[in-house]
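Subject: Structure for you to look at

Hello,

Here is the structure I said I would pass on. Please open it beside this email, and what I found in it follows below.

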Amino acid sequence: MTARVGAKRDAAHLSDSTLGSKKPKPDGSITSFFGVPKAKSISNNTASGRGASTVSPKFNKAKWVSGLTGEQRELLDLEIETLDESWLAQLKEELLTNEFLNLKRFLKKEIASGAKIFPPLEDVYSWSRHTPLHKVKVVILGQDPYHNVGQAHGLCFSVKPPTRAPPSLANIYIALKNDYPSFQPPPNKGGLLTPWAERGVLMLNTCLTVRAHNANSHSKRGWERFTQKVIDVVARSRTHGVVFLAWGTPAGQRVANIQKDRHCVLRSVHPSPLSARNGFFTCGHFKKANDWLQQRYGDDGIIDWSLIPSLQDRAVTSTSTIVKADTVVRETESIMRAEGGAVKVDVSIKGARIESNDYDTDDDIAALEALAAVEALESKE
């Protein structure tokens, strides 16, 4: 009976969530090759009904757009059409800076050259539509979007079905299950995290685009400044406080100036197998985030971390799931061999022992993750 009560309490934050996806709506302008959905307008209410936000209800989008030059309207068509209005109201000045306009000129040249860009352009700002500014409770910071087919869709760490959760996300599941034993990963080893985004978790990458199969190819082009502005807007406007989850040194640097008396900043090593064993699995960030949110906002403020529908109706008492390293390596091999991956992997497994490995790749995080998995096994010998 005690175990059942404990499991029920543990699952209180794990509730049913269904998510509808928006269909792209092409038009006759530059968005004909963007294929983008319309950004939605929002009211100035907070997700839990408490806590102040400085989202301006007086922003006149049509008037702002009418004041743009012809080139500005063309370059910013994606932002005008797909960036949620709650964010556009706060970021409109940044969009008109030379740095951002030059970024858009660069992307325009990339597309004109025939380069394939990930995520699909209609998903570049999906984080803004899934998590309007007035709903942000937690910010998770990522780095570069996934650069293989069928992966990136605008939310850091998240991948679309039927793509399986990459190794870093599998490690996130392990850490989450350590905090909440009732947590269950999505079916078929899935990695879609849009339910979290709908509940107030802003999942933001440092760079919002990448060239296919070319990691970090759009870094230092202007995205870093823009996404830092997004972080600053959250810190300034969500005056009652949010939780920032910064995993890895680069993410930690991006929250260095956050006011700790207003917001909760939780830092840890990155969940990549390259570093996760150095403290990520036991960082306790998901439970700590909810404890802090509950103190600030009450029970309505906590995040439901579930990714399986109707989990709250079941008392789940299973112990933490451990992802076997040989499975991680085999799945990583599959990821690295996906479309255009210049990777050779030669592994033989005897029980839990990996006898050999041979990696030939250029700055591919997947290769690093596979190598880390091998090293993790060998360190236990």
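Arg199 counts as buried, because its relative accessibility is 16% and the cut-off for buried is under 20%. Its side chain meets that of Asp304 in a salt bridge, at 3.7 Å from N to O. The two residues are 105 apart and lie in distant parts of the chain: Arg199 is in the loop between helix 10 (194–198) and strand 3, and Asp304 is in the loop between helix 13 (285–297) and helix 14 (325–336). Asp304 is buried too, at 8% relative accessibility. Please keep in mind that this is a predicted model.

A search of the whole structure gives 10 salt bridges. Another of them joins Lys160 to Asp123, with the closest N and O atoms 3.2 Å apart. This pair also links distant parts of the chain, 37 residues apart: Lys160 sits in the loop between strand 2 and helix 9 (167–179), while Asp123 sits in the loop between strand 1 (117–118) and helix 8 (126–130). Here the two ends differ in exposure: Lys160 is partly exposed at 36% relative accessible area, whereas Asp123 counts as buried at 12%.

Within helix 13 there is a salt bridge between the side chains of Lys287 and Asp291, at 3.0 Å from N to O. Why are Lys287 and Asp291 separated by about one helical turn? They are four residues apart in that helix. Lys287 is partly exposed at 31% relative accessibility, and Asp291 is partly exposed with a relative accessible area of 31%. Elsewhere, Glu94, Glu99 and Arg225 are joined into one network by salt bridges that share partners.

Next, strand 2, which covers residues 138–141. Is strand 2 covered on one side or on both faces? Both are covered: Val138 and Ile140 on one side are buried, and so are Val139 and Leu141 on the other. Strand 2 runs parallel to strand 3 (residues 201–204), with four bridges joining them, and Val138 stands opposite Val201. Strand 2 also pairs with strand 5 (residues 243–247), again in the parallel sense and over four bridges. There, Leu141 has Ala246 as its bridge partner.

Last, the chain as a whole. It has 15 helices and eight strands, and 54% of its 381 residues are buried. Of the contacts between residues at least 6 apart in sequence, 72% join residues at least 24 apart. The chain exposes about 17400 Å², of which carbon and sulfur atoms supply 50%.

Regards

Definitions and conventions:
Residues are numbered from 1 along each chain as its sequence is written. This is a predicted model: local features need pLDDT of at least 70, side-chain atom pairs count only at pLDDT 80 or more; totals for chains, interfaces and linings use all residues. Side-chain values use heavy atoms; hydrogens and water are left out. Buried means under 20% relative accessible area, exposed over 50%, partly exposed in between (1.4 Å probe, protein chains only). Contact means heavy atoms within 4.5 Å. Accessible areas come from the Shrake-Rupley method with a 1.4 Å probe; for residues, only the protein chains shown count as cover. Two strands pair if DSSP finds at least two bridges between them. A salt bridge is a side-chain nitrogen of Lys or Arg within 4 Å of a carboxyl oxygen of Asp or Glu.
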